[in-house]
Amino acid sequence: GQNNDHNKAAALTQLARVRREKGEFDKAKPLLLQAYNLLTAKGTTEPIAAQIVAIDNLATCCKEMGDYAEAVKYYRQAVVLQGKVSDATPEAKAARLTNLALALVASGDTTESEGLLTNSVQLMEQQYGKDSDKIAPALSNLAEVYRIENRFTDAEPTLIRTLEIRKKALGATDPTVGETTSDLGVLYKQMGKDSDSLKFFEAAV
């Protein structure tokens, strides 16, 4: 029955977590695939949220194994399912889009991921406002895509905005402020602005 499937899927997921923690992704994946099949079977009464978690677990394991095409396939399913949740928060929608975008980036596709991450930023702004540190990770991801594409004039203001939000919300000593400062140093180095790069690297220490 459904309850049986739910319990079996939960046990499989727990076992897979142990395997993943040991780095045994090849042993974790079939377990997660089994859990996914149980929870997303035709006629299932399993809540969509639980199905999304099962898909996310499987996709993340594929990503950890370096199988980005497979990860992208499952993350796309999660985005579709999330769209069926009528009362989903903007943050929940943004999380699905971000997962898919980062898997696409890892597979070498920055074109689609840019649109997804832009959408994620907008969704997070919708929920938390434009100055919340909650939107900083989404901005940072978007800046990284711009940097990979050598679109420095887009990456620079996006990273500066990330840094300003984090400084204001978390204080100058927060580790994420140091990380963002360092990211700016890397960006300026790439842009050939060595003096600016050095200034940010020194500030990050």
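Mentor: Accessible areas come from the Shrake-Rupley method with a 1.4 Å probe, and for residues only the protein chains shown count as cover. This is a predicted model, in which local features need pLDDT of at least 70 and side-chain atom pairs count only at pLDDT 80 or more, while totals for chains, interfaces and linings use all residues. Residues are numbered from 1 along each chain as its sequence is written, and side-chain values use heavy atoms, with hydrogens and water left out.

Trainee: How much area does the protein chain expose, and what share of it do carbon and sulfur atoms supply?

Mentor: The protein chain exposes about 10,800 Å². Of that area, the share from carbon and sulfur atoms is 52%.

Trainee: How many helices and strands are there in the protein chain?

Mentor: Helices (H or I, at least four residues) and strands (E, at least two) are DSSP runs, numbered from the N terminus. Along the sequence the pattern reads α-α-α-α-α-α-α-α-α-α. The counts for the protein chain are 10 helices and 0 strands.

Trainee: What percentage of the 205 residues in the protein chain is buried?

Mentor: Buried means under 20% relative accessible area, exposed over 50%, and partly exposed in between (1.4 Å probe, protein chains only). Across the 205 residues of the protein chain, the buried share is 39%.

Trainee: How many disulfides does the structure hold?

Mentor: A disulfide is taken as a pair of cysteine sulfur atoms within 2.5 Å. The sulfur of cysteine 62 has its closest cysteine sulfur, that of cysteine 61, at 6.1 Å, which is too far for a bond. The number of disulfides in the structure is 0.

Trainee: Is cysteine 61 buried or exposed?

Mentor: The relative accessible area of cysteine 61 is 0%. Cysteine 61 is therefore buried.

Trainee: Which helices do the buried residues of H4 pack against?

Mentor: Helix H4 (residues 68–82) has 15 residues and reaches 21 Å between its first and last C-alpha, close to the 21 Å expected at 1.5 Å a residue (the expected span is 1.5 Å times one less than the number of residues). Its buried residues include Tyr74, Tyr75 and Leu81. Those buried residues of H4 pack, by contact (heavy atoms within 4.5 Å), against helix H2 (25–39), helix H3 (48–64) and helix H5 (90–106).

Trainee: Is glutamate 114 buried or exposed?

Mentor: Glutamate 114 is found in helix H6 (residues 111–128). Leaving aside neighbours within four places in sequence, glutamate 114 is in contact with Leu142, Val145, Tyr146, Glu149 and Arg151. Its relative accessibility is 18%, so glutamate 114 counts as buried.

Trainee: Where is asparagine 150 found?

Mentor: Asparagine 150 is not a glycine, yet it has a positive phi of about 60°. Its place is the loop between H7 and H8.

Trainee: Which helices do the buried residues of H8 pack against?

Mentor: The 19 residues of helix H8 (residues 152–170) should span 27 Å at 1.5 Å a residue, and the end C-alpha atoms are 26 Å apart, which agrees. Among the buried residues of H8 are Phe152, Glu156, Leu159 and Arg166. The buried residues of H8 pack against helix H7 (136–148), helix H9 (175–190) and helix H10 (194–204).

Trainee: What phi does glycine 171 take?

Mentor: Glycine 171 comes just after H8. Its phi is positive, at about 95°.
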